[in-house]
Amino acid sequence: GDICTRNCRYCNVTTGRGREVDEKEPENVAKVVQKLGLKYAVITSVDRDDLKDEGATQFKNVIKEIRKYNEGTLVEVLIPDMHAKHELLDIVFDERPDVLNHNVETVRSIFKEMRPQGNLDNSFEVLRYAKEKGLVTKSGFMVGLGETNEEVHQMLDKLNELQVDIVTIGQYLMPTLEHAELDRYVTPEEFEEFKKYGESIGIKHVESGPFVRSSYNAGNVFKSLEQK
């Protein structure tokens, strides 16, 4: 659905109680992937804290249906934290998505301000557990919200500690004047430095730039990862 149960200060998605889950959605998504001829599909969702499984079964079914209708198509899922409940994460992880993506969004010092209903340690646990399960992992965060460059390095250190394979770093932009204020525009040189730092400490691939978003060049990044 298009209604999120959380209210993050940087996001313009409608907040509220989600509608009933559409049981036809997995097959419909798979058919759209087929019609578009996609070789790499990125699947994401709003947070569904109102559901008993927080949306895990829908992710599972979407992965299965995409593979049923699209032989050879790679599937990346960008999932909510699901409160880091292993029994829910296993529902998704056991389908073995080609890439498991979960975004940390921002650094610890401003995390609760930006994500009052989130928990950074839960996000770290999602990534840790996904790697324990042997999945290719990916995460991303925004800059320009008030963090320091030192804090960016610290986040990259943590993601490397969690053995995250791919990291995306992009510029925050205000969706509306009602959202979190933009602190600054990060320079292209700083973005390049973040990339070099992240890869120098061991992260396999870092996409870092003003226009980078979570699914930015996702298919090409995965291919480059396979070649390393």
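A pocket, as the term is used here, is an open set of grid points where a 1.4 Å probe fits, with protein on both sides within 12 Å along at least five of seven lines; its lining residues have an atom within 4 Å of a point. The structure discussed below is a predicted model.

## Pockets

The largest pocket encloses about 890 Å³ of space. Its lining comprises 36 residues, and those nearest the centre are Tyr10, Cys11, Leu78, Asn103 and Glu105. At least two lining residues come from each of the strands β3 (40-44), β6 (137-143) and β7 (166-171). Strand β7 makes the greatest contribution to this lining, namely 4 residues. By class, the lining of the largest pocket contains 17 nonpolar, 13 polar and 6 charged residues.

The second largest pocket holds about 330 Å³. It is lined by 19 residues, with Gly1, Glu25, Thr44, Ser45 and Gln58 closest to its centre. Two or more residues of this lining are given by each of α1 (25-36), β3 and α2. Helix α2 provides the largest share of the lining of the second largest pocket, 3 residues. The classes in this second lining are 8 nonpolar, 5 polar and 6 charged residues.

| Pocket | Volume, nonpolar / polar / charged lining residues |
|---|---|
| Largest | about 890 Å³; 17 / 13 / 6 residues |
| Second largest | about 330 Å³; 8 / 5 / 6 residues |

## Aromatic pairs and a charge over a ring

The model contains 3 aromatic pairs. One of them joins Tyr40 and Phe222, whose ring centres are 6.0 Å apart and whose planes meet at 50°, so the pair counts as tilted. Because Tyr40 belongs to strand β3 and Phe222 to helix α8 (residues 218-227), this pair ties together parts that are 182 residues apart in sequence. Tyr40 is buried, with a relative accessible area of 15%. Phe222 is also buried, at a relative accessible area of 7%.

A further tilted pair is formed by Phe93 and Tyr129, at 5.7 Å centre to centre and with 40° between the planes. This pair links distant parts of the chain, since Phe93 is in helix α3 and Tyr129 in helix α5, 36 residues apart. Both Phe93 and Tyr129 are buried.

A ring can also face a charge: the charged end of Lys158 sits over the ring of Phe124, at 5.2 Å from the ring centre.

## Packing of helix α3

Helix α3 spans residues 86-93, and its buried residues are Leu88, Leu89, Asp90, Val92 and Phe93. These buried residues pack against two helices, α2 (56-69) and α5 (120-132), and two strands, β4 (74-78) and β5 (99-101). In an α-helix there are 3.6 residues a turn, so residues three or four places apart point the same way. Within α3, the buried set includes Leu88, Leu89, Val92 and Phe93.

## The loop between β4 and α3

His83 is located in the loop between β4 and α3. With a relative accessible area of 35%, His83 is partly exposed. Apart from neighbours within four places in sequence, the contacts of His83 are Arg6, Asp49, Glu54 and Asn122. His83 and Gly118 are 35 residues apart along the chain, and their C-alpha atoms are separated by 8.5 Å.

Ala84 has its place in this loop between β4 and α3 as well. Its phi is near 55°, a positive value in a residue other than glycine. Most residues other than glycine have a negative phi. Ala84 is buried, with a relative accessible area of 11%.

## The loop between β5 and α4

His102 is found in the loop between β5 and α4 (108-114). This residue is buried, with a relative accessible area of 3%. Not counting residues up to four places away in sequence, His102 touches Leu78, Ile79, Pro80, Asp81, Ser123, Val126, Leu127, Lys138, Ser139 and Gly140. Among these contacts of His102 is Leu78, which is one of the residues nearest the centre of the largest pocket. His102 and Phe141, 39 residues apart in sequence, have a C-alpha to C-alpha distance of 9.9 Å.

Glu105 likewise lies in the loop between β5 and α4. The phi of Glu105 is near 75°, a positive value in a residue other than glycine. Since buried means under 20% relative accessible area, Glu105 counts as buried at 19%. Glu105 is also among the residues that lie nearest the centre of the largest pocket.

Conventions. Residues numbered from 1 in each chain as written. Predicted model: local features only at pLDDT ≥ 70, side-chain atom pairs only at ≥ 80, totals over all residues. Heavy atoms only, no water. Buried < 20%, exposed > 50% of the residue type's maximum accessible area, 1.4 Å probe, protein only. Contact = heavy atoms within 4.5 Å. 1 Å grid on protein atoms, 1.4 Å probe; cavity = no way out; pocket = protein on both sides within 12 Å on 5 of 7 lines; lining within 4 Å. Points joined across faces, edges and corners; volume = space filled by probe spheres on them. Nonpolar A, V, L, I, M, F, W, Y, C, P; charged D, E, K, R; others polar. Phe/Tyr/Trp six-rings, centres within 6.5 Å; stacked < 30°, edge-to-face > 60°. Lys NZ or Arg CZ within 6 Å of the ring centre and 35° of its normal.
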